[in-house]
Every structure is written in structure tokens, then in C-alpha cells.
Amino acid sequence: MKYQEILNEIEIELSKKLKSGKIASYIPELAKIDQNKLGMHLYCINSGHYGFGDEKEKFSIQSISKVFSLTMAMNLVGDKLFSRVDVEPSGDPFNSLVQLEYENGIPRNPFINAGALVIADVLVSNLENPKKEFLNFIHKISGDDSIRVNDKVFESEKKFSHRNAALLNLMKSFGNIQNDIETVLDLYIYQCAIEMSCHELTTAFMIYANGGKMLSNNIQVISTTGIKRINAIMQTCGFYDEAGEFSFRVGLPGKSGVGGGIAAIHPGQYAVTVWSPLLNPKGNSAVGMYALERLTTLTGLSIF
Ligand code: DON
């Protein structure tokens, strides 16, 4: 497959397209980002790296971190995890509280905020130094020890985390949060404030494209059953109340973040990341979705 030619074509198409959407402003530090940033990187299992634009510039991974935390929690506690968090699409926005009340504090899936907060609680219960071990996990799968948290983004989200605190309190009232709320919130905000480039995220996401193994050394990071499950949850829940639309238009498992990133995989073929900070009304990168739609259209390949 001539991936570089296809990416070049996408870059030209995007330069002609009128950009729509809004930057995430509920985390004030994110609102400072240049809305014209645009990068894309594809890492093919058989033929290596391709990309364009701001593919090497770091951005806030935000909810894309939920894929890594889910992977760690599954490795730590196995199937027990799914008695505390379900695996159904929510059909609601990522930060919604409404379902939690009538579903007895069990979040619909690990990618809405409520679910990711339960996962953070599991990490706090099972790791000695959850923040350090979270970062170490990313260093390992990306092969890059320089990846860090952006302290300004971390502090900025801390000041405006009332909704996530509300989700935690509600779940705690149902007995589905075991640790101190501040500690769990702190880990969750920390993981969201990690900064990675398209190049780094794509390399980290290779484990999801490559049956759970790192491509560089063949080390199995998560079982093949685990990979089946994580990719299935990305496919059905990775874009909140737009998961159906993403499947329909792109046809790959993926995960978005309000920093404007989208990482996706084609099992057995490649991992890919796009970054463009303007978000559509559902909180997903508008240009990112379009770029990935063009990728699966121009290659003629999706998982379907
Ligand atoms: O909890 C929040 O609101 C953010 N730290 C992450 C939300 C997010 O990235 C949603 N994804 N599109």
C-alpha cells in the first residue's frame, strides 16, 4: 500500500477544506492551543512510518489515555473488572451523569468519564505508585522515556473538575469507588494531561494493531483475548455518542480525546493518529474524523 501517497492526498484535501468546530475550553489551558495545528502519522506493521504536518508535536492525549488505563487494569485484575464497569455503548456524552443513577453506579463502559474513573480507582488500589507506573507503561509501549505530563494542563483541569468529582461521589455512594475521591481524581487528571505526539501515540497504539505485542521486540503486553476486548470496546464506545457515526464513516476501532487527537488501529495492518484541535459538538476532532474517513476510503480497507 502506498501510504505516503495516500497521506499526501489527505493533507492536500484537508488544506482545501473549511475547518469547523471549537477548541475544548472547559480546561482553560487547552483553549490556548493553535487551532490550525494538524498532524497525522501512520505506522504499518510491514512497512514502517509515514506522516505529515505537526506529527512530531506533542499534544494533550486526554481521553486517549483511557485505552492505556484499561489495558493496565485488565492486566492487574482480569475479568473481575467487568463486574464494576460494563461494556455497552452509552449513547450519552462522555461526562454525563444521568445513566449512573438508575444503573446503580455501574458505568456503561470504560471510556466514558465515569468508567475511566472506576478504572483509575482500580489502579490506585493495585499499584504502589500509580502515576509513575502509568507513565512507565507508556514509556514501555512507545519506546520513549521522554514522554511527560504537562503540569499546566494538569493544574488547569484540577481547578475545573467538578463534574468528574460529582461522578466519583455518586459512584462512591453506590460502593463502586474504593479509594479516597481526591486520590482517584488526581490520577485520572494526571493520565489525561500526558502529552504525546502523533508519532509517539501511534507507536504506543501498535500493541492494539499487533495482537497485543510490541512490534520492536515481540513482547506480549496484553493477551490476545484482552486485545479482542479492548478493540471491541474502542469500536463500540471509543467516540461516546458518536461511536456509531465513527464506525459508519471510518470503520476502525479508535479513541478520541478533547485535546483533538484520535488514535485508531487496523488489526494486523497499522496504527494511525491524527491531531487537529477543533472539536465537533460531540467532543471529537472534526478534521480527525474526516482524515480517517478518507484514509479508509482511499485505501479501500477498513475492518469491515
Ligand atoms: O475528564 C475530562 O473531561 C477530560 N480530562 C477528558 C475528556 C475527553 O478527552 C473526552 N474525549 N473526547
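How does the lining of the largest pocket divide by class into nonpolar, polar and charged residues? It has eight nonpolar, three polar and three charged residues. Keep in mind that this is a predicted model. Below is a quick tour of that pocket, the ligand, the largest cavity and one buried aspartate, D121.

**The largest pocket**
- Its volume comes out at about 240 Å³.
- The lining of the largest pocket runs to 14 residues.
- If you want to find the middle of the pocket, look for Y26, L279, N280, P281 and G283, which lie nearest its centre.

**Around the ligand**
- The ligand has 15 residues around it, and the closest are Y26, Q62, S63, E157 and Y188.
- Y26 turns up twice here: it is among the residues nearest the centre of the largest pocket, and it is also one of the closest to the ligand.
- Q62 puts a side-chain N or O atom 2.6 Å from a nitrogen atom of the ligand.
- The side chain of Y240 also has an N or O atom by a ligand nitrogen, this time at 3.1 Å.
- With G283 the backbone does the job: one of its polar backbone atoms sits 3.2 Å from a nitrogen atom of the ligand.
- G283 is also on the list of residues nearest the centre of the largest pocket.

**Cavities**
- Counting those of 30 Å³ or more, there are three cavities.
- The largest cavity has a volume of about 80 Å³.
- It is lined by 16 residues, with S96, Q99, L100, I112 and A114 closest to its centre.
- Sorted by class, that lining has nine nonpolar, four polar and three charged residues.
- Helix 3 (98-102) and helix 4 each bring at least two residues to the lining of the largest cavity.
- Helix 3 is the top contributor there, with three residues.

**D121, a buried acid**
- D121 belongs to helix 4 (residues 113-126), the helix that also helps line the largest cavity.
- Its relative accessible area is 0%, and the cut-off for buried is under 20%, so D121 counts as buried.
- One partner is the side chain of N179, which makes a polar contact with the D121 side chain at 2.7 Å.
- Next to that in sequence numbering, Q178 joins in through its backbone: its nitrogen lies 2.8 Å from a polar atom of the D121 side chain.
- Setting aside neighbours within four places in sequence, D121 is in contact with R84, N176, I177, Q178, N179 and V184.

Notes:
Residues numbered from 1 in each chain as written. Predicted model: local features only at pLDDT ≥ 70, side-chain atom pairs only at ≥ 80, totals over all residues. Heavy atoms only, no water. 1 Å grid on protein atoms, 1.4 Å probe; cavity = no way out; pocket = protein on both sides within 12 Å on 5 of 7 lines; lining within 4 Å. Points joined across faces, edges and corners; volume = space filled by probe spheres on them. Nonpolar A, V, L, I, M, F, W, Y, C, P; charged D, E, K, R; others polar. Helix = DSSP H or I, 4+ residues; strand = E, 2+ residues; numbered from the N terminus. Buried < 20%, exposed > 50% of the residue type's maximum accessible area, 1.4 Å probe, protein only. Polar contact = N/O pair within 3.5 Å; in protein donor to acceptor, adjacent residues only side chain to side chain. Contact = heavy atoms within 4.5 Å. Near = heavy atom within 4 Å.
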